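Hi everyone, thanks for making time. I'd like to walk you through one structure today, so let me put it up on the screen.

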Amino acid sequence: MSTLRLGGALVDRVAEQSLPVPLGLLTDDAAFLSRRVAQLPGGFLDQESMTFRFSSHSWVLVVDGLTVLIDPCTGNGRKGRGPYFDDLEVPFLERLAEAGAPADTVDIVFCTHLHHDHCGWNTTQVDGTWVPTFPNATYLFVDQEYRRWDTANPDEHPNDFNPSTFDECVRPIVDAGLAKVISTPYVVSPSLTVEPAPGHTVGHTMVRLDSDGVLAYFSGDAFHHPVQLTRPELHLPGCDDLATAIATRQSLVRRALDEGAFLFPAHFPAPHYGHLADDGEEVYFVPGGAPNADDPRAATGVQNLE
Ligand SMILES: [Zn+2]
């Protein structure tokens with residue numbers, strides 16, 4: 001994906017990996033899928049295998065003089081994360097540099113939540129010790145999410161499927177003095193605000209971009225697939241609080257529609273982002289639509305949603 005321009009912001013995607021997930025984990029409603037999913041790009045549904053591509057990627061924003069990294073994936077050399085995620089050897093940092101953001105230039109690292117696939121590159125292993133990957137960054141952690149995973153509170157939040165993530169990916173940041181624990185809403189810069197989007201995890205959040213009239217939500221795992229836009233009760237395993245997640249999805253759908261905002265989820269397959277439309281009967285997903293940074297239309301700051 002080439003660099004996109006959203007108002008005054010430049011946006012790049014940095015990929016870690018993409019893996020097949022059975023769509024049946026969400027829904028096998030054939031009529032619904034043929035109406036709203038079959039016409040989307042192939043990654044949203046492989047009709048042969050009935051899988052979709054679960055893309056693990058980070059979003060990099062350059063805006064307001066800051067380089068901001070959102071949701072830094074799982075990372076290399078992890079153990080206990082399960083199939084596809086253990087023992088990765090991915091040139092993620094090289095890809096980040098190719099996107100114009102070498103590790104030492106990142107100013108802000110933000111994790112929408114603290115599942116392992118959203119905070120892994122916070123740290124890298126050096127001589128057997130996990131150390132901060134981005135030495136000049138401030139790492140923002142949302143207070144509620146921080147407490148939910150803090151291993152100093154094991155009785156409060158037992159943790160079966162996200163082992164060692166806090167101690168490997170958060171604690172070293174705190175020990176290095178690079179962590180800032182925030183409450184929401186939190187203004188990162190004039191164009192960026194961290195807002196609550198709870199449910200998938202209790203302290204799950206998102207980043208709202210508002211730049212020169214162009215709006216976008218970097219929505220983490222509020223949605224894993226467009227089927228959840230109209231069926232907010234559908235969810236992948238690992239949801240902390242389904243009732244709250246449903247309310248978050250309903251609220252975000254309304255806002256994104258009303259505002260004409262883009263959605264930049266953490267796991268959608270190519271083109272990885274889009275906006276929402278409503279044909280009077282149902283909300284649906286319209287992939288892509290933002291101008292490339294070198295597109296002359298981008299220089300005008302015109303939002304390209306039509
Ligand atoms: Zn995730």
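Start with V187: its bridge partner in strand 11 is T193. That pair belongs to the contact between strand 10, residues 186-189, and strand 11, residues 192-196, which run antiparallel to one another over 3 bridges. What joins strand 10 to strand 11? A hairpin, and it takes 2 residues to do it. Before I go on, please keep in mind that this is a predicted model.

Now step across to the next strand. Strand 11 also pairs with strand 12, residues 205-211, again in the antiparallel sense, with 5 bridges. If you want one pair to look for on the screen, V194 has V207 as its bridge partner in strand 12. As a general reminder, strands of a sheet pair through backbone hydrogen bonds, parallel or antiparallel.

Okay, let's zoom out to the whole sheet. Here 7 strands make an open sheet, in the order 10-11-12-13-14-15-16, and the pairing is mixed. Which strands stand at the edges? Those are strand 10 and strand 16, the latter being 283-287; each has a single partner strand, so one side of each has no neighbour in the sheet. On average, neighbouring strands here are turned by 30° against each other, if you ignore direction. And then there's helix 7, residues 242-259, which packs on this sheet. That helix touches strand 13 (214-220), strand 14 (262-265), strand 15 (274-278) and strand 16, and its direction makes about 90° with that of strand 15.

While we're around there, have a look at H272, which sits in the loop between strand 14 and strand 15. Is H272 buried or exposed? It's buried: there are 20 other C-beta atoms within 10 Å, and 20 is where the cut-off for buried lies. For a sense of distance, H272 and W121 are 151 residues apart in sequence, and their C-alpha atoms are 20 Å apart in space.

Next, the inside. The largest nonpolar core has 72 residues, and the ones touching the most other members are L6, A216 and Y217. Strand 3, residues 51-63, gives the most to this core, with 7 residues. Take L6 as an example: beyond four places in sequence, its contacts include V11, L209, V214, A216, F262 and A290.

Now for the overall picture. The chain has 8 helices and 16 strands. Its radius of gyration is 18 Å, close to the 19 Å that the globule rule gives for 306 residues, so the chain is as compact as a globular protein of that length. Along the principal axes, the C-alpha atoms fill a box of roughly 55 × 45 × 35 Å. Of the 306 residues, 44% count as buried. And among contacts with a separation of 6 or more, 67% come from residues 24 or more positions apart.

Last thing, how confident is the predictor? The average pLDDT for the chain is 93, and 95% of the residues score at least 70. Over residues 301-306, though, pLDDT stays under 50, and the model has 15 contacts beyond four places in sequence for that stretch. That's it from me, happy to take questions.

Note on methods. Residues numbered from 1 in each chain as written. Predicted model: local features only at pLDDT ≥ 70, side-chain atom pairs only at ≥ 80, totals over all residues. Pairing = 2+ DSSP bridges. Helix = DSSP H or I, 4+ residues; strand = E, 2+ residues; numbered from the N terminus. Axes fitted to C-alpha atoms, helices over the stretch in contact; angles between N-to-C directions. Contact = placed C-beta atoms within 7 Å. Rg over C-alpha atoms; globule rule 2.2 N^0.38 Å. Buried ≥ 20, exposed ≤ 12 C-beta atoms within 10 Å, placed from the backbone. pLDDT = per-residue confidence, 0-100. Core = buried A, V, L, I, M, F, W, Y, C linked by C-beta atoms within 7 Å.
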